[in-house]
Amino acid sequence: MESNNEYALITGASLGIGREIAKEFAQRKINTLLIALDTPDLYDIQKDLRDNYNIRAETFPIDLTDSASASAIYNWCQENTYVVKYLINNAGFGASGFFESVPLNRYFQMIDLNTKAYIAMTHQFLPDLKNLEESYIMNTSSMEANLPVPYKAVYTGTKNFVYSFSMALSKEVEQSGVRVSILCPGPVPTNEEGLQRLETQGKKGQMLALYPEQVAKYAVKNLLEGRLIIHPGRMNRWINRFHRMLPMPLKMRILEKMFRSYTEVSPSK
């Protein structure tokens, strides 16, 4: 069992993968700090963890696209003497369709949440993580991080950034007690839009899809084992190896054909 004052801080903790990651930590009797927008889902997961796992579960509702959010979260931890041993940067969202069909402000929100928030949170907490004998960072990227997917150009760009940033950071901190992991899940239906995108893919999408609880179980296990790159799902791991052997022009033709159906999904506003 962890020290009573050590916590796993999880962003995007109210829904999907983040919610299930919080449960995985709770099963291991690790206290949690739950960061997400101020919605009923955030308090539902807090109650679930407290009632069913007998751990400390604290909430901090905030919009991570706000440039001051990371410092506000860090100050909250300092004021309450919460020791963050596990930093889980998970919050994010995607959008699909023809590039120009998605409103520009939606892209900017995506960049703020999928990349800038990860940088800010890591920058705030890394010095303290280095002061611990052992600590962990896990950044949620995507199986598509190294696949420049047509009709998801900005989303895959953000996930490629997370992948590269995390890989570089892992080398910088390898002499410390900090272990960096990159979570690269395939399709995971966590909301109505994600489910709609998956349905347009038909059987091939269903072959790759995993439920949030499957991803979370595999992710936390591999995080605690110190694995750098975490690819949940056997099929996803096979695709990750296979695509590296394809010439780029052929790869792009295949990707365009595979994801053309995404133009049929109405983008979120």
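1. Two strands are taken to pair if DSSP finds at least two bridges between them. On that basis, strand S5 (residues 135-140) and strand S6 (residues 178-183) pair in the parallel sense over six bridges; the bridge partner of Ile137 in S6 is Val180. Helices (H or I, at least four residues) and strands (E, at least two) are DSSP runs, numbered from the N terminus.

2. The model is predicted: local features need pLDDT of at least 70, side-chain atom pairs count only at pLDDT 80 or more, and totals for chains, interfaces and linings use all residues. Residues are numbered from 1 along each chain as its sequence is written, and side-chain values use heavy atoms, with hydrogens and water left out.

3. The open sheet comprises seven strands in the order S3-S2-S1-S4-S5-S6-S7, with parallel pairing. Strand S3 (57-61) and strand S7 (229-230) are its edge strands, each pairing on one side only.

4. The largest nonpolar core (buried Ala, Val, Leu, Ile, Met, Phe, Trp, Tyr and Cys residues joined through side-chain atoms within 4.5 Å; buried means under 20% relative accessible area, 1.4 Å probe, protein chains only) has 34 residues. Leu9, Ile73, Cys77 and Phe125 have the most contacts inside it. Elements giving two or more residues to this core are S1, S2, helix H3 (69-79), S4, H4, helix H5 (153-172) and S6. H4 provides the largest share, eight residues.

5. Contact means heavy atoms within 4.5 Å. Leaving aside neighbours within four places in sequence, Leu9 is in contact with residues including Leu33, Ile73, Cys77, Met121 and Phe125.

Definitions and conventions: Buried means under 20% relative accessible area, exposed over 50%, partly exposed in between (1.4 Å probe, protein chains only).
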